[in-house]
Amino acid sequence: MNATTADDVLNLEGRRVLVTGGHGFLGRHVVKALERRELDRVLSPSRAECDLTDRHQVLAFFKRERPDLVLHLAAAQGGVAWQKANQATAYLDNARMMDAIVDASIASSVDRVLFTASSICYPRDAAVPYREATLWDGQPEPAHLGYAHAKRGGIALLQAAYEQHGLSSCVVMPANMYGPGARFEPERSNVVAAMIRRCLEARDQGDASITCWGTGSPIREFLYVEDAAEGILRAVVRCGTPSPLNLGTGVETTIAELVDTVAAQVGFDGEIRWDHDRPDGAARVCMDVALMRERLDWLPSMSLGEGLQRTISWWQSFRNGQADT
Ligand SMILES: NC(=O)c1ccc[n+]([C@@H]2O[C@H](COP(=O)([O-])OP(=O)(O)OC[C@H]3O[C@@H](n4cnc5c(N)ncnc54)[C@H](OP(=O)(O)O)[C@@H]3O)[C@@H](O)[C@H]2O)c1
């Protein structure tokens, strides 16, 4: 493969692409999107084949398989409760993976690395919608400190590797994702999966009501996973310097709107109550997608209603053993 500079628009064709976390929620959709582009040289080792926290295994894997592009999607992560209870694990595992990946990418002269950071990296007091320029202006939300600082450290490492070694890379900051294959385990799921479970259980049990935490007024942004996969492939082709790029819809949805939509789609017609004594979390979390639109010449296309419908259908089939993860 010819040497790549940061300004090059890459051609994916003919390149060996390593997708870390390729068996995870987002990873599976990215691998499928690469396969749809008829790229047959896609590597997606499982954790058993290459534990990414072990730098010797990672170096050996790169030496053996010689990837040209690395899409680093693997992460130690979970829902808010998991992140709160596993701050050090989240930091250490994510930092070790990133160190190993960047080290091996430099040693193997990889053409470009893409890193998935997260909207959670933004300072808790950042102006909303979040703009990329404000990323370093303050501390992230304390509940996510370990995870968010490891991700921020990953961005800093890519910037250092770019300065010292000219390693071309790009950093995307995805919003909360949902879609087929999402994690539904209670300790790992996000609000979309949790609400789908809740409404389906209530419907199946014939409950007269469900009670949700808080007021329902917090605003969030949700990105359909296939749109995220498309954005990632566009980003790795077009962006070669490690300045963060938001990956979202810019569409704001209240938690109450989300629950109403999910309830209607699963056919739960009971009452939705709000327990105002429970915390709401941040009032508004949403990203500015102007830079994404300009640099990728693209906006996500899936509506929340259609995306939720597909997610619910998949989850129902999966629960009944009729769909893959
Ligand atoms: N989901 C979201 O809403 C969201 C939002 C913003 C950013 N992100 C970022 O997007 C990326 C993908 O997220 P996701 O939701 O697809 O995560 P996921 O479903 O939890 O998948 C993560 C993958 O990483 C793998 N992994 C973890 N530790 C590993 C290790 N030591 N060695 C090898 N593989 C390891 C996991 O393997 P196992 O299956 O063996 O555990 C899994 O396949 C992550 O970087 C995440 O931080 C996600």
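This text goes through the ligand site of a predicted model and then turns to one helix residue.

The ligand is surrounded by 25 residues, and those that come nearest are Leu26, Arg47, Gln77, Tyr147 and Met177. Sorted by class, the shell consists of 13 nonpolar residues, 8 polar residues and 4 charged residues.

Backbone atoms of the protein lie within polar-contact range of ligand oxygen. At Met177, a backbone N or O atom is 2.8 Å from an oxygen atom of the ligand. Met177 is thus listed twice here, as one of the residues that come nearest to the ligand and as a residue with this backbone contact. Gly24 has a polar backbone atom 3.2 Å from an oxygen atom of the ligand. For Ala75, the distance between a polar backbone atom and a ligand oxygen atom is 3.4 Å. The protein buries 87% of the 890 Å² that the ligand exposes when taken alone. Three elements each give two or more residues to the shell: helix α1 (25-36), helix α5 (145-165) and strand β6 (176-178).

The remaining point concerns Ala95, a residue of helix α4, which covers residues 87-107. Is Ala95 buried or exposed? Its relative accessibility is 17%, so Ala95 counts as buried, the cut-off for that class being under 20%. Ala95 can also be placed relative to Arg152: the two residues are 57 apart along the chain, while their C-alpha atoms are separated by 9.5 Å.

Technical notes
Residues are numbered from 1 along each chain as its sequence is written. This is a predicted model: local features need pLDDT of at least 70, side-chain atom pairs count only at pLDDT 80 or more; totals for chains, interfaces and linings use all residues. Side-chain values use heavy atoms; hydrogens and water are left out. A residue is near a molecule or strand if one of its heavy atoms lies within 4 Å of it. A polar contact is a pair of N or O atoms within 3.5 Å; within protein, one must be able to donate a hydrogen and the other to accept it, and residues adjacent in sequence count only if both atoms are side-chain atoms. Accessible areas come from the Shrake-Rupley method with a 1.4 Å probe; for residues, only the protein chains shown count as cover. Helices (H or I, at least four residues) and strands (E, at least two) are DSSP runs, numbered from the N terminus. Ala, Val, Leu, Ile, Met, Phe, Trp, Tyr, Cys and Pro count as nonpolar, Asp, Glu, Lys and Arg as charged, and the others, Gly among them, as polar. Buried means under 20% relative accessible area, exposed over 50%, partly exposed in between (1.4 Å probe, protein chains only).
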